[in-house]
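I wanted to look up how the aromatic rings are placed in this structure, and where charged side chains sit against them. These are my notes.

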Amino acid sequence: MATRAVLSRHINLLHRTRLYFRRQQCCEYLSAAYQCEEAWNGRLQSPLIKNIKPGDYIYDLEQKYKREGKISAIDVDLLMNAVDGSKAIDLVSDIEEIVHRLRRSRESVLTLPSTHHALLRYLQLKNATDTILKIISDPLNYGIFPDYYTSNLLMDTFLKQENYTAAARVASVNMLQEDFGPPLTQTLALASCFAYVTCENNQPWIDYKPKPEEPAEEVKIRVKYLRNPYFDDHFDLQDPNHIVGKTLAWLSPLVGGMIGASCELLGWALYNKWGDLEAALHRIKDGNDSVAVSMVQRIKEIIEQCEDGDVQEHLKVAMSHLEQVEGKVKEVEMWPAIQTLLSQVTAQAEQQDIKTQIDTYQCWEKGRAEEFQRQLDEYRKRELLDEIEEKKKDLAEREQVIFFFDNKEKLELVLQQKKDQYKDKSKYQKKQKKKLDTDYIPPEV
Amino acid sequence: MPYLLVGRTHSFYGKRLWEIVGELKEFGVGRMVVRSRFERYPEPCFFRIVSAEPDFDTGRPHKDEDNMNGKVLVEKIFRGKNYGVVDISESAYKTDYRLIHKHEEAKYVHALETCPPRQMNILPRTVEMPPLLKMVAEREGHERTVLTMETSTNPCNARLAEEGEEPNVKISPETHTVPVRVRGRLIEEVVGAWVWPGVLWRQDKNTATHHTSP
């Protein structure tokens, strides 16, 4: 029995090593045209953005924030679009701070869709992977959500860089939003999660959520109400395996086929949802899709870690039932199959996506100009209203002086009323100090 | 060493609405949330977010005081009835909200569609006197042994029975279940009646005992 286990482990290791080298060989995902570089750089020629010098603009925004205590969404959008990732100047930390300020302000609702894309694209060009992950993992503080196209770009970049942790984290954002997008985004997310799960030496999964600084000694704080312990099993998930597992489990049925079935089982197993895993095993057993033998091996390994003996036994029985069905478990290499699927989906969707994105860029530019104009009009209107108000005040004062003798009687009446009003002086006068008896001697106790 | 929070307890179970919408795209417009407190009802209760404008404050996260303010409009469905778009900004800070996942939404919508309308509670026009009051009335020779029932100006799903109409709610010491709460927490439900705030007449013991009023 022990020999069989050791042998199985060796076979698995060999398989994973083979998988790793095969992944190294073929790392072409999206084409260079998908980046839409030309259309994207077209924004720098727009009259609104052309004259912006990012360094000075950030300084102005800082000053405005200090003066007025607020930050405008259109200002941030203009900045995000004005920064050029290909230039040497590094504004990553400044931009991160500005986005954080915008998110925590009331203007956050007005954030333009191009802000999300422009920021992530800038950070991607700057190779600031840590900042990207920090920003997309903490929506409460940054509020940046990649759209489908940006998700595709990010996952493609990270897969090419073999940073599978980062790619899987981008995929997990789609899971948290419960929006897996078009087939290309789905397939890239599946590839990212699968690569993360099967890779042996992944980059560490860092927890970027901010934690309040804790004092050296225990400090008791009085609050009105305590919070009952609650775990939502979604946004509160911390374990990388659970996050990736949940992403795979929810995403795979959308992909379907052998890949979908295998990844769904793997997902539920990684997520440690044994009930769902058993249900999926029964469903796949009765369905038409087959499962890859490598995934069956992996799932068996995970089932071994299940602490509940009864549940483990149930799962083993369900697994053996699946294996007994003829042609259900196939000797298929998963990674090449995913690669093939990805290239098929890419070939189908790439041109259409590029066209749509170019239209989106134009749409954003139009929207930005309209929003800018709206804000400008509002600013002018406010300025004009202030001016009118000041003029009215001035005219009223002048009128009072000019018509003083005409209104003398009326004014005297008003004066008398005011005098009557302040007659009760005790209300307004300061309390008189008590007279001190200088001869007073305090009694002896 | 951590901060140790000291305060009152409650029975809410969940997150603040702002913590949920803050994690979602476009502040969760179109998504469904549910309050754990309302899940005790057999009819479906949920909210669909129409618009949300949070006013996050960055102060004192260690005191659990951030993400509490803002303006949120929701389509309110309470006990199977659609109340239209309402403002729930006042209660959005409560740690009692739960996000409904997209694959669960159909279940709630189906429950709403198939939910029968709630039966109107028809209250009797008169109720028996509480035992102590009855005893005093008898001792002092009052003619009346019943009390006339009155409802508030806008009673929730209840009305008084018309002349000759059979009420569907019985209110009497024999049938009335009284919740006994200590600091808001339900400890038991006994058959009896509140004789006076804080004094409970228990049918099983036939004696008045002191309890915290509900």
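I count a charge as sitting over a ring if NZ of Lys or CZ of Arg is within 6 Å of the ring centre and within 35 degrees of the ring normal. I worked from a predicted model, in which local features need pLDDT of at least 70, side-chain atom pairs count only at pLDDT 80 or more, and totals for chains, interfaces and linings use all residues. Side-chain values use heavy atoms, with hydrogens and water left out.

Charges over rings: I found B:Arg35 over the face of B:Phe38, 5.0 Å from the ring centre, and the charged end of B:Lys76 over the ring of B:Phe78, 5.5 Å from its centre. Both rings belong to a cluster in which ring pairs link B:Phe38, B:Tyr41, B:Phe47, B:Phe78, B:Tyr83 and B:Tyr97.

Ring pairs: I take rings of Phe, Tyr and Trp (its six-membered ring) as paired if their centres lie within 6.5 Å, with planes under 30 degrees apart stacked, over 60 edge-to-face and the rest tilted. Over all chains I noted 15 aromatic pairs. One of them is the tilted pair of A:Trp40 and A:Tyr361, at 5.2 Å centre to centre with 40° between the planes. This pair links distant parts of the chain, 321 residues apart, with A:Trp40 in helix α2 (residues 37-41) and A:Tyr361 in helix α18 (residues 334-402) of chain A; helices here are DSSP runs (H or I, at least four residues), numbered from the N terminus. Both A:Trp40 and A:Tyr361 are buried, that is, under 20% relative accessible area with a 1.4 Å probe, protein chains only.

How values were computed. Residues numbered from 1 in each chain as written. Chains lettered and ligands numbered in written order. Helix = DSSP H or I, 4+ residues; strand = E, 2+ residues; numbered from the N terminus. Buried < 20%, exposed > 50% of the residue type's maximum accessible area, 1.4 Å probe, protein only.
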